[in-house]
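Subject: Structure handover

Hello,

Here is the structure for you to look over. My notes on two parts of it follow below.

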Amino acid sequence: MERTGSYESRGSLIGDFGFGGSDRRFAFSRQASFQQSHEPHTPISIDFNDSTRPFLSRTSSSIDVPLGLYWSGEDDKFSGERKELFIGLLTGRVGLVSDAFHLTFGCGLLTFSLFVMAASRKKGDRIYTYGYRRLEVLSAFTNALFLLFMSFSLAVEALHAFIQDESEHKHYLIVSAVTNLFVNLVGVWFFRNYARINLAYRNAEDMNHHSVFLHLLADSIRSAGLILASWLLSIGVQNAEVLCLGLVSVAIFMLVMPLFRATAGILLQMAPPSIPASALSKCLRQITAREDVVEVSQARFWELVPGHVVGSLSIQVKQGIDDRPILGFVHGLYHDLGVQDLTVQIDCA
């Protein structure tokens with residue numbers, strides 16, 4: 001059986017075999033069919049009774065696909081991170097995709113941190129009785145979490161480059177890396193007072209400022225690593241990208257882990273690190289040793305923000321005992337220990 005026909009019959013044939021018009025399996029037509037599209041085309045001849053010959057052959061087929069089915073990247077105009085992300089996804093270049101995501105989310109987080117610096121100054125109200133100071137801790141935790149994700153993504157990118165054996169000189173990242181390095185170094189200079197890795201946080205503002213500094217510093221290290229990798233590749237050093245990205249990933253991870261542990265501990269209401277656990281246990285023993293106290297239970301202590309410790313406990317006393325001396329003793333004991341807000345519940349046995 002022989003079928004010949006125009007473009008409409010070929011469209012029917014495409015539909016019969018379940019191929020879409022944008023299916024890349026039709027991209028095997030000879031280039032000559034595009035370059036000489038003004039010449040008459042040879043009709044397609046398919047013998048459906050021949051089981052040894054495939055319906056579509058790469059060697060003898062002359063199926064012509066309209067030029068409109070092909071996308072040309074030069075015809076569309078994108079700008080900023082959207083263009084970089086789209087091109088990275090289309091070309092399969094992990095570096096462009098990683099850089100686009102990083103720039104987008106990084107700028108958003110830094111903007112959020114600056115907003116929090118102003119919003120956290122609001123005083124407490126009926127809904128947020130402790131105020132908005134913990135926004136600073138939340139902002140610092142978000143920055144730390146993003147930097148950990150960036151460290152992981154750089155490690156994945158290095159592993160991808162190692163597996164694919166990529167050793168190309170990535171010119172398309174140099175301009176972005178140099179610009180980012182310059183901008184981030186300016187930001188690092190503004191936050192230079194928070195340049196210590198293991199910073200002793202006196203308040204929530206210190207924690208948030210430190211997170212912004214680490215964010216800018218990590219960006220600078222990343223940009224410097226990309227520039228160094230590109231230079232090493234240009235002079236012929238093999239696997240330079242793998243080495244540089246791996247070192248940058250490890251450096252960022254080590255820089256941000258102390259901040260991540262500190263912020264996560266506050267949000268999870270961990271026991272305050274500023275007060276040793278042995279000191280809290282000693283206070284409980286002193287309260288229990290009083291003759292008018294029967295039992296001490298539900299002792300909980302945590303940090304609302306750095307430098308502000310909150311606690312609560314329940315004390316069971318003997319029947320008919322005046323609880324005011326006990327309350328004064330307990331409050332004085334924990335106040336000397338560094339607990340600012342203490343709630344004590346007194347019950348009679």
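Please keep in mind that this is a predicted model.

The notes start with one helix residue. Ala229 is part of helix H7, which covers residues 204-234. Its relative accessibility is 5%, and buried means under 20%, so Ala229 counts as buried. Leaving aside residues up to four places away in sequence, Ala229 touches Ala240, Glu241 and Cys244. For Cys244, the C-alpha to C-alpha separation from Ala229 is 5.9 Å, with their positions 15 residues apart in sequence.

The second part concerns strand E2 and its partners. E2 takes in residues 308-317, and eight of its 10 residues are buried, so the strand is mostly covered.

On one side of the pairing list is strand E1, residues 293-305, which runs antiparallel to E2 and is joined to E2 by nine bridges. One of the pairs is Val293 with Val317 of E2. E1 and E2 form a hairpin with two residues between the strands, and there Gly307 has a positive phi near 90 degrees.

The other partner is strand E3, residues 341-348, which is parallel to E2 and shares eight bridges with E2. Here Val310 has Asp341 of E3 as its bridge partner. Helix H10, residues 324-337, belongs with these two strands: E2, H10 and E3 make up a β-α-β unit, and the unit is right-handed.

That is what I have on these two regions.

Regards

How values were computed: Residues numbered from 1 in each chain as written. Predicted model: local features only at pLDDT ≥ 70, side-chain atom pairs only at ≥ 80, totals over all residues. Heavy atoms only, no water. Helix = DSSP H or I, 4+ residues; strand = E, 2+ residues; numbered from the N terminus. Buried < 20%, exposed > 50% of the residue type's maximum accessible area, 1.4 Å probe, protein only. Contact = heavy atoms within 4.5 Å. Pairing = 2+ DSSP bridges. Right-handed = clockwise from strand over helix to strand, strands pointing away.
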